Amino acid sequence: AGEALKAGVTTLVAALGTDSLTRTPAQVLGKVREFRAAGVSAYMYTGSYHLPVKTLTGRVESDIMLIPEVLGVGELAISDHRSSAPTHDELARLVSEARVAGLLAGKSGVSFFHVGDGRGALAPLRALRDGTDIPLRQLYPTHCNRNPWLFAEAIDWGRAGGWIDLTTSSFPELLDDGEQLAAEALVTLLAAGVPADRISFSSDANASLPRFDGEGRLVEMRCGQIASLWQECVRACALGVSLEVALGVVTANPARALGLAGKGVIGVGQDADLLLIAPEHLAIERVMSGGQWRT
């Protein structure tokens, strides 16, 4: 919690990734409640990369309905050699279940998708958009800046009104595979006509950042850093993005995507999560979370 607050992060959303065998949704829920006790707002997705979905209560619908901290389902892996190769019908049923449960619970019921390096890119989500009645806002793809072909599809996806999430944890020396840093990707998206209110950043903090060779062998493992979120926001401003727009991708936009009505804006009745920043270099000086100064 201290690391998150030092990095200016006052709200966390947790997800299981590749490992849903030694790690469980129950452990994620325990960690979420630990963060809350330390003064950081925290939520979670039920599920993981794989189908059948791992849940707390046995069903996605009841997890979303009955557990306050659960916002939706994720992080579902598509277009990735580590996914469970879900079919269109499986994804359509799962996303529909999450949406209906969200409606009943007054939550977003969003489906959060890990998009890998596979050539399919956003094809599974386009099939859901074009072949079902599921509203586009229910589909939330992340890692959209990881390679050129996915990013090109993300531009079209965003122009059509879909959410685009860019990952800020990256390493410049490893960008030879075509990955873009989030700040540059934001500039490109805005120049391409993607609405600013459809773009978000996420840190992928504490998640594994693996590298594979051409035959799918693991060659290196690093870890996502939560400080990257504010660092990329500041870099975006240095690249010419207005502070208002740059702040939106880490505040108001993800709050709307996730249905967090008390987050993302300053107003009467909103959660008092505030950063005091130095105007000359945008360094974080103080952090308020839940109405209390934490740093």
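**Surface patch and central strand of the predicted model**

Leu 104 has a relative accessible area of 62% and is therefore exposed. In this predicted model, Leu 104 belongs to helix H4. Together with Met 65, Leu 66 and Val 100, Leu 104 forms a nonpolar patch on the surface, and the accessible area of these residues together is about 410 Å². At least two residues of the patch come from each of two helices, H3 (60–66) and H4 (88–105).

Helix H4 is also part of a right-handed β-α-β unit, in which the other elements are strands E3 and E4. Strand E3 (residues 70–78) runs parallel to E4, and four bridges join the two. Ile 78 has Val 115 of E4 as its bridge partner.

Strand E4 (residues 111–115) is mostly covered, with five of its five residues buried. The cover extends to both faces of E4: Ser 111, Phe 113 and Val 115 are buried on one side, and Phe 112 and His 114 are buried on the other.

Strand E4 further pairs with strand E5 (residues 139–142) in the parallel sense, over four bridges. Here His 114 has Thr 142 of E5 as its bridge partner. With helix H5 (residues 123–131) between them in the listed order, E4 and E5 make a right-handed β-α-β unit.

Ala 191 is located in helix H7 (residues 182–191). Its relative accessibility is 70%, so Ala 191 counts as exposed. Ala 191 and Met 65, a member of the nonpolar patch, are 126 residues apart along the chain, and their C-alpha atoms are separated by 40 Å.

Definitions and conventions
Residues numbered from 1 in each chain as written. Predicted model: local features only at pLDDT ≥ 70, side-chain atom pairs only at ≥ 80, totals over all residues. Heavy atoms only, no water. Buried < 20%, exposed > 50% of the residue type's maximum accessible area, 1.4 Å probe, protein only. Patch = residues over 30% accessible without salt bridge, like charges linked within 9 Å, V, L, I, M, F, W, Y side chains within 5 Å. Areas by Shrake-Rupley, 256 points an atom, 1.4 Å probe, with all protein chains shown as cover. Salt bridge = Lys/Arg side-chain N within 4 Å of Asp/Glu carboxyl O. Pairing = 2+ DSSP bridges. Right-handed = clockwise from strand over helix to strand, strands pointing away.
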